[in-house]
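Thanks, everyone. Let's go straight to the structure and take a quick look inside.

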Amino acid sequence: MKVFGFAGWSGSGKTTLIEQVIPEITARGFKVSVIKHAHHGFDVDKPGKDSWRHREAGASEILLISDERWVLMHEMRNEPEPDLAAQLRHLSPCDIVLVEGFKSVDIPKLEVHRPVHGRPLLYPDNPAIVAIASDAALPGPLPCLNLNDAAAVAEFILIHQGLL
């Protein structure tokens, strides 16, 4: 499996870009998975539902399944947060995994940057960043892709990963 990351400041458009790049990649016949790192707690369950009640009772894992999808929830219960490599082992085989977050992990990344936000570029301090996607032309040593051209971003990723 190929792994390619997206990095950038909060509000830069990482999630939106990934959402637009996925159909561009799948339209070319590739199977895509996504890992999103959250810096804060989250819950995909709803209080009062059976699965929520099972977790509250102390279950370590709950697998929900229907005819449309399945999801495995794993309660950390004071375990350390697993690294990206451990999370990748949970995924079914695919052609490419797009990763949002895990800024410090050494995987090739695209920096999503909007100069209007007034935040500094990340790439000078992060050697894993191989290109920038921005809504403005940026001078510098890295390729600068148009943030609003998901097809071009997808093509860059696929070429960089050796899939095209």
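**Cavity, cysteines and one asparagine**

First, the cavities. In this predicted model, the count comes to 1 cavity of 30 Å³ or more. Its volume is about 40 Å³.

What lines the largest cavity? Leu121, Tyr123, Ile132 and Leu138 are on the list. So are Pro139, Gly140, Pro141 and Leu142. By class, that lining has 7 nonpolar residues and 1 polar residue. No charged residue takes part. Gly140 is the polar one, because Gly is classed as polar here, while Leu, Ile, Tyr and Pro count as nonpolar.

Next, the cysteines. How many disulfides are there? The count is 0. Take Cys94 and Cys144 in turn. Cys94 has a relative accessible area of 12%. That is under the 20% cut-off, so Cys94 counts as buried. Cys144 comes out at 32% relative accessibility. That falls between 20% and 50%, so Cys144 is partly exposed.

Last stop, Asn126. Where does Asn126 lie? Asn126 is in the loop between β6 (109–113) and β7 (129–134). Buried or exposed? Asn126 is buried, with 12% relative accessible area.

Now its partners. Leaving aside neighbours within four places in sequence, Asn126 is in contact with Lys103 and Lys109. For Lys103, there is a distance to quote. A polar atom of the Asn126 side chain lies 3.0 Å from the backbone oxygen of Lys103. So this loop residue is buried, and its side chain has a polar atom 3.0 Å from that backbone oxygen.

That's the tour. Over to you.

How values were computed: Residues numbered from 1 in each chain as written. Predicted model: local features only at pLDDT ≥ 70, side-chain atom pairs only at ≥ 80, totals over all residues. Heavy atoms only, no water. 1 Å grid on protein atoms, 1.4 Å probe; cavity = no way out; pocket = protein on both sides within 12 Å on 5 of 7 lines; lining within 4 Å. Points joined across faces, edges and corners; volume = space filled by probe spheres on them. Disulfide = S-S within 2.5 Å. Buried < 20%, exposed > 50% of the residue type's maximum accessible area, 1.4 Å probe, protein only. Helix = DSSP H or I, 4+ residues; strand = E, 2+ residues; numbered from the N terminus. Polar contact = N/O pair within 3.5 Å; in protein donor to acceptor, adjacent residues only side chain to side chain. Contact = heavy atoms within 4.5 Å.
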